[in-house]
Amino acid sequence: MSQNGAGIDLDKSLGYLLKEASSALRAAMEEVLRPLGMSVTHYSCLELLAQRPGLSNSELARGAFVTRQTMNVLLQTLERDGYVTRPAEAPVGKALPARLTPRGRRSLEKATAAVRSVEVRMLAGMTEAEQASAFRSLRSMIHSLRDGDGDGEGGA
């Protein structure tokens, strides 16, 4: 971009393109979730709980890529509105494991259909082979970056 060649040429930066794709995906998801009274973080929390009931606030925050404080506020709201339940006291340690209620499951079903429609739209211009190649490429990039972070944990 700069005249002396320093800096990143955003037109040729894969990292920038990935961030742009991520931003476009999030905006499209927010658009279809908004009429359901949900945000992407709200949806992510419900989806994580459906797949792994009993996750703690910290585990949900990591899985949804938000802070523990943000997830705690969301969980309090979801609990108040009847989408999740948490015990009054922690069965072990300090963690209050959350679980979906029937209302939370029904809400998640509608949201999942909406999010699936976004993914179908996103992949519409790609063949199955191109989709498979994209998956492999993205997984490889994630693996390469996480291997270099030194903690050996893969995150969510």
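Start by selecting helix α2, residues 40-51 (helices are DSSP runs of H or I, at least four residues, and strands are E runs of at least two, numbered from the N terminus). The expected span is 1.5 Å times one less than the number of residues, so the twelve residues of α2 should cover 16 Å, and its end C-alpha atoms are indeed 16 Å apart. You are looking at a predicted model, in which local features need pLDDT of at least 70 and side-chain atom pairs count only at pLDDT 80 or more, while totals for chains, interfaces and linings use all residues. Residues are numbered from 1 along each chain as its sequence is written, and side-chain values use heavy atoms, leaving out hydrogens and water.

Next, colour α2 by burial (buried is under 20% relative accessible area, exposed over 50%, partly exposed in between, with a 1.4 Å probe and protein chains only). Ten of the twelve residues are buried, among them H42, Y43 and E47. Show their packing partners (contact means heavy atoms within 4.5 Å): α1 (14-33), α3 (57-64), α4 (68-80), β1 (84-85), β2 (99-100) and α5 (102-123).

Now hop to E109 in helix α5. E109 is exposed, at 57% relative accessible area. Draw a C-alpha to C-alpha distance from E109 to L46: 9.8 Å in space, although 63 residues separate them in sequence.

For a last stop, select α6 (128-147), one of the elements that give two or more residues to the lining of the largest pocket. With nine residues, α6 provides the largest share of that lining.
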